[in-house]
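User: I'm new to this one and I'd like to know what backs up each label people put on it. Can you walk me through it?

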Amino acid sequence: MPGILSKTRTTLEMIKWEHSIFALPFALTAVILAANGLPAWPIVLWILVAMVAARSCAMAFNRWADAEIDAANPRTSTRAIPAGLLSRQFVFGFTLVAALIFVLATAELNQLALFLSPLVLIVLLGYSYLKRITRWSHLGLGLALGLAPSAAWVAVRGSLDPRILVLTLAVTLWAAGFDVLYACQDFEHDRAAGLHSLPQAIGIPAAFSAARAMHLAMLALLAWFGWLFHFRTAGWFGIAVVAALLAYEHSLVSPRDLRRLNAAFFTMNGVIATVFLAFVAADLWLRV
């Protein structure tokens, strides 16, 4: 048992489970809009369990699938599997347990959530193989995160409203854009290893332009989303703050200077998602 607990702790560190905050605020945004406030606490609890389990499953599977690729990349060679801290068998077992927890959580929510759970897992796990076949793998990661608000809406309502798909598309482009930036640091390795990415295909400067275009499109979609849900002052101000934070995020890095990429990727994106949730919640509260 102590060995299993130690390996589990190492696995959680490897997948950076705390970064679940990237998609979670967008999921909670959908939750409060679907419920026009806060739903019953068991629904919120099972949504949180499903979100953390789904991301843990996806990240663990990614580390399992990419173990050999990570070992050959100096940037990732110290990850737990290449470094010998964890076996691929243990990580695969962790993946299965996380997937089971996710499915059980959806079963506690409603029938549609349970029915759609295998499709969600296909998207989450399938992303890990996209870099082997297409330069647009970033959109696969984006969709994996972008499903969060639509899934949360289904969890609350037991049905899918087409309006929430606008937020799913916005989050997809947001996540894809920062994944394009993140992939720039593996430009040389991806080219040498025959892996596909937008930076590898079109070069780092053009990839930066593509990421900016994705984020501009994301802001346009957020504006459409605000119109669909009749945002008032707080909601529109939240979108403006998100735009300012995205501009700041892009100012942290350039094609010639990637040193602050981790700050842009990890810190700022968590802030952006949380800020959007806070202002949408304030918009709803002020209507009461």
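Analyst: Sure, starting from the outside: the protein exposes about 13,400 Å², and carbon and sulfur atoms supply 69% of that area. Keep in mind that this is a predicted model.

User: What elements is the protein built from?

Analyst: There are 13 helices and zero strands.

User: What makes the protein as compact as a globular protein of its length?

Analyst: Its radius of gyration is 19 Å, and the globule rule gives 19 Å for 288 residues, so the protein is as compact as a globular protein of that length. Along the principal axes, the C-alpha atoms fill a box of roughly 55 × 50 × 30 Å. Of the 288 residues, 52% are buried.

User: Why is V44 called partly exposed?

Analyst: V44 sits in helix 3, residues 41-65. Buried means under 20% relative accessible area and exposed means over 50%. V44 has 21%, so it counts as partly exposed.

User: And why does W224 count as partly exposed?

Analyst: W224 has 45% relative accessibility, which lies in between those two cut-offs, so partly exposed is the label. This residue belongs to helix 11, residues 204-228. The C-alpha atoms of W224 and V44 are separated by 26 Å, with their positions 180 residues apart along the chain.

User: Which residues form a nonpolar patch on the surface with W224?

Analyst: W227 and W236 do, and together the three have about 400 Å² of accessible area.

User: What about the inside: how many residues does the largest nonpolar core have?

Analyst: That core has 81 residues, and those with the most contacts inside it are L145, W174, M218, L222, F225 and F276. Helix 8 (residues 164-183) gives the most to this core, with 13 residues. Apart from it lies another core of 12 residues, including M14, W64, I81 and F90. In soluble globular proteins, nonpolar side chains tend to be buried together.

User: Which residues does F225 touch?

Analyst: Leaving out residues up to four places away in sequence, F225 touches L33, R163, I164, V166, L167, F231 and F276.

User: How do you know that D66 and K131 form a salt bridge?

Analyst: The cut-off is 4 Å between a side-chain nitrogen of Lys or Arg and a carboxyl oxygen of Asp or Glu. For D66 and K131, the closest N and O atoms are 2.8 Å apart, so the pair qualifies. D66 lies in the loop between helix 3 and helix 4, and K131 in the loop between helix 6 and helix 7, so the pair ties together parts that are 65 residues apart in sequence. Both D66 and K131 are buried.

User: What about D186 and R75: what makes that pair a salt bridge?

Analyst: Their closest N and O atoms are 2.6 Å apart, which is within 4 Å, so the label holds. This pair links distant parts of the chain, with D186 in the loop between helix 8 and helix 9 and R75 in the loop between helix 4 and helix 5, 111 residues apart. D186 has 10% relative accessibility, so it counts as buried. R75 has 31%, so it counts as partly exposed.

User: How many salt bridges does a search of the whole structure find?

Analyst: The search finds five. One of the pairs is R163 with D161, whose closest N and O atoms are 2.9 Å apart. Salt bridges that share partners also join D66, K131 and R132 into one network.

Notes
Residues are numbered from 1 along each chain as its sequence is written. This is a predicted model: local features need pLDDT of at least 70, side-chain atom pairs count only at pLDDT 80 or more; totals for chains, interfaces and linings use all residues. Side-chain values use heavy atoms; hydrogens and water are left out. Helices (H or I, at least four residues) and strands (E, at least two) are DSSP runs, numbered from the N terminus. Buried means under 20% relative accessible area, exposed over 50%, partly exposed in between (1.4 Å probe, protein chains only). A nonpolar core is a set of buried Ala, Val, Leu, Ile, Met, Phe, Trp, Tyr and Cys residues joined through side-chain atoms within 4.5 Å. Contact means heavy atoms within 4.5 Å. Patches are made of residues with over 30% relative accessible area and no salt bridge: like charges are joined within 9 Å, nonpolar side chains (Val, Leu, Ile, Met, Phe, Trp, Tyr) within 5 Å. Accessible areas come from the Shrake-Rupley method with a 1.4 Å probe; for residues, only the protein chains shown count as cover. The radius of gyration is taken over C-alpha atoms; the globule rule is 2.2 Å times the number of residues to the power 0.38.
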